[in-house]
Amino acid sequence: MLRFLVRRVLGASVILLLISAVTFFLFFAAPGDPALLACGKNCTPDALTIIRENLGLDKSIPHQYWLFLSGIFTGRDFAIGHCDAPCLGVSFNDRTMVWDTIIDRLPVTVSLTVGGLIIFLTLGIGAGLLAAAKKGTMVDKAASSTSLVLSSLQIYFIGPVVLGAVVYSTGWLDAPQYNEFFDGPMAWAAGLLIPWVVMSLIFTAQYTRMTRAMMIEQLQEDHVRTARAKGMGSKYVFFRYAWRGAMVPIVTILGMDLGGMLGGAVVTEMTFGLAGIGRLAVDSVVNVDLPLTMGVMLVGATFILLFNILVDAAYAFIDPRVRLS
Amino acid sequence: MTMTKTADSSAPAEYDGKFLSVNDLRVQFSTEDGIVKAVDGLSFDLERGKTLGIVGESGSGKSVTNLSILGLHNSKTTEVTGEILMEGEDLLTVKEKRLEHLRGNKMAMIFQDPLTALSPFYTIGRQIMEPYRKHTGASKKDARARAIEMLEKVGIPQPNRRVDDYPHQFSGGMRQRAMIAMALVCDPDLIIADEPTTALDVTVQAQILDLLKELQQEFGSAIIFITHDLGVIANMADDIMVMYGGRAVERGSVSQVLYEPDHPYTWGLLSSMPRLSGDVNEELRAIRGTPPSLLNPPPGCAFNPRCDFADQVAGNKCREVRPDLGEGRAAACHLSADQKQTFFVEHIKPRLG
């Protein structure tokens, strides 16, 4: 297990390095000069030179990349002060530490993800199990057709509809906002309730469909029939045998979804005006803010890779055939 | 008499009738294309300590019959009528809870492919312990000891170590042994073996068959042995029932059915077996045609479209009237006893060598 982890972490590091290099060089390949943007309307050549120096753009691109990379491990010094490792540089736009900005925005994204996760996993898997157990009945038909409709919705459509219905036209709820969890869990939950529910609608539907399909497939497996032939009760067979087998693909998809969501749920954050990692990513690109783009990119990629490793570790836990000997 | 089952209080303590008696069993599935008559009026009896071999092609209703004995058919899409009496108790009318109590306990099944029939997620030991704990209420420790004992009995080396292995760590033959250990852990009175050796190579096959016979002698269980391999059945069974198109077409003792077969379908099965002494270039004789559709079975004798002797019966009887299977040693065929004797001696026997 340890060897497996070491190998996977090393592999992930290489991927991160590649991602950072590609992002960095692509940034310079794309049109748009951050120095010119920072200089403003009445820009003199002298002012432009000073800005270039300040931003570090006077150095060659590989040199800049080297400074960025080494900064992650050793920290860097800037005009506004020392940047401790892991230093992701200073934003071109508002001259703040990128690391601090990301740490500042992360709780929004994490809150959004965790809250949504709890709702859609509970409801989605619950409804999927129920539909599979009652296959062919009205319960199954209701769950299947509802989830088919819901899973074809898009957040940018259903989000504004819900906001319009329960916030702007009726005033039943306040507009979504982020409140610190530690300042009051109730206010935290109340502020994120609408985004959670809307996001969960779609994910619940997807997990319902997936769980139902996997369970129906598993319930027809030979080993499930063997368990019944041994006289094991139907609940026992359903959960210990069929569900155990259905878990593997569900965990896979969940890992991918979680990595993506923590890397920034751009559409959800934009729809509900929440300032999380996804929003930060969009802003950084719009503002041609290289250090911020790099930072957000790396954090997002790290989450995705992390969850990939977690999923593979979970496989080994669920399925003894994958356990490394 | 000795009581082996203590948990079994509701069944009569002493039952002197037939151990297993299946009467006019009919199994139908509703499909989108219509009603499939998978089993159509099947009757047979089985005594303790005896082995009944059921032979037939795929789709002849062998496996369906045995899944309905255990009540493992899908009750939503399947309609089962008739009687399955085990010690006088009709398994088709008892509650699901009672069936759960009987399965794995008084009646157990050995499946064809031990790789898919064992769960990949649990250790062999756990899978053997499960029915034992459920049916006897044994502690985990006792059940584990019992699992090790069973593994040893079925010839798994180092059973106290292998008990913690997963099925994928076992070879095919070992897996089937483990499957047998699992089926026999509660000393069942009835064992249904559904092609238990089909997935195994021939040497392992022989070992598994010997093992089953030994265990049958030890436990005195009744065995229903399903196969399409006549060589295996000759080795294992006391009686044979040949099935075709959801019905029994011939019934008798092993020597009767294998050496004096009375039904053209059985003749075909026997002729299609390669002979060890035969010429290498000798072609294998297949029964012409394909198994009948159970959605829309042929009128009259279900075998008539494939039968070489259908024209020998006066009138159009084979295509119009369904022959009945009599009691005891019997074959469901319109040919007269003399005709059968003549055809068998003239056409079939020379092929069997």
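Thr101(A), Ile102(A), Arg105(A), Leu106(A) and Thr109(A) of helix α5 meet Ile277(A), Gly278(A) and Leu280(A) of helix α12, a contact being a pair of residues whose C-beta atoms, placed from the backbone, lie within 7 Å. By type, these break down into four nonpolar, three polar and one charged (Ala, Val, Leu, Ile, Met, Phe, Trp, Tyr, Cys and Pro count as nonpolar, Asp, Glu, Lys and Arg as charged, and the others, Gly among them, as polar). The two helices, α5 (residues 98–133) and α12 (residues 277–286) of chain A, pack at about 135° with axes 8 Å apart; axes here are lines fitted to C-alpha atoms, for helices over the stretch in contact, and angles run from 0 to 180 degrees between N-to-C directions. That makes α5(A) and α12(A) oblique to each other, since angles under 35 degrees count as roughly parallel, over 145 as roughly antiparallel, 65 to 115 as roughly perpendicular and the rest as oblique. Helices (H or I, at least four residues) and strands (E, at least two) are DSSP runs, numbered from the N terminus.

All of this is read from a predicted model, in which local features need pLDDT of at least 70 and side-chain atom pairs count only at pLDDT 80 or more, while totals for chains, interfaces and linings use all residues. Residues are numbered from 1 along each chain as its sequence is written, and chains are lettered from A and ligands numbered from 1 in the order in which they are written.

Helix α5(A) has other partners too. With helix α6 (residues 138–151) of chain A, its axis comes within 8 Å and crosses at roughly 140°, so α5(A) and α6(A) are again oblique. The crossing is left-handed (the near helix is turned anticlockwise from the far one by less than a right angle; clockwise would be right-handed). On the α5(A) side, the contact is made by Ala127(A), Leu130(A) and Ala131(A), and on the α6(A) side by Val139(A), Asp140(A), Ala143(A) and Ser144(A). Five of these residues are nonpolar, one is polar and one is charged. Against helix α8 (residues 185–219) of chain A, α5(A) packs at about 35°, and the axes are 5 Å apart. Here α5(A) passes α8(A) in a right-handed crossing, and the contact residues comprise 21 nonpolar, nine polar and one charged.

On the scale of domains (bounds from an automatic or database domain assignment), chain A splits into domain 1 (2–98) and domain 2 (104–322). Their centres, taken over C-alpha atoms, sit 33 Å apart. Across the boundary, 20 residues of domain 1 of chain A are in contact with 16 of domain 2. On the domain 1 side, the elements giving two or more residues are α1 (2–29) and α2 (34–39) of chain A, and α1(A) gives the most, with nine. That side counts 13 nonpolar residues, six polar and one charged.

Between the chains, 18 residues of chain A are in contact with 24 residues of chain B. Two elements of chain A, α9 (222–229) and α10 (234–262), each give two or more residues to this side, with α9(A) giving the most at seven. The chain A side divides into five nonpolar, six polar and seven charged residues.

Chain B is divided into domain 1 (118–185) and domain 2 (261–275 + 287–352), with 44 Å between their C-alpha centres.

As for confidence, the model scores ipTM 0.86 and pTM 0.84. The mean pLDDT (the predictor's confidence in each residue, from 0 to 100) of chain B is 87, and 95% of its residues reach 70 or more. Among the elements of chain B, helix α4 (residues 124–136) has the highest mean, 96, and helix α13 (residues 337–352) the lowest, 84. Residues 1–13 of chain B fall below 50; beyond near neighbours in sequence, this stretch has nine contacts in the model.

Technical notes: Contact = placed C-beta atoms within 7 Å.
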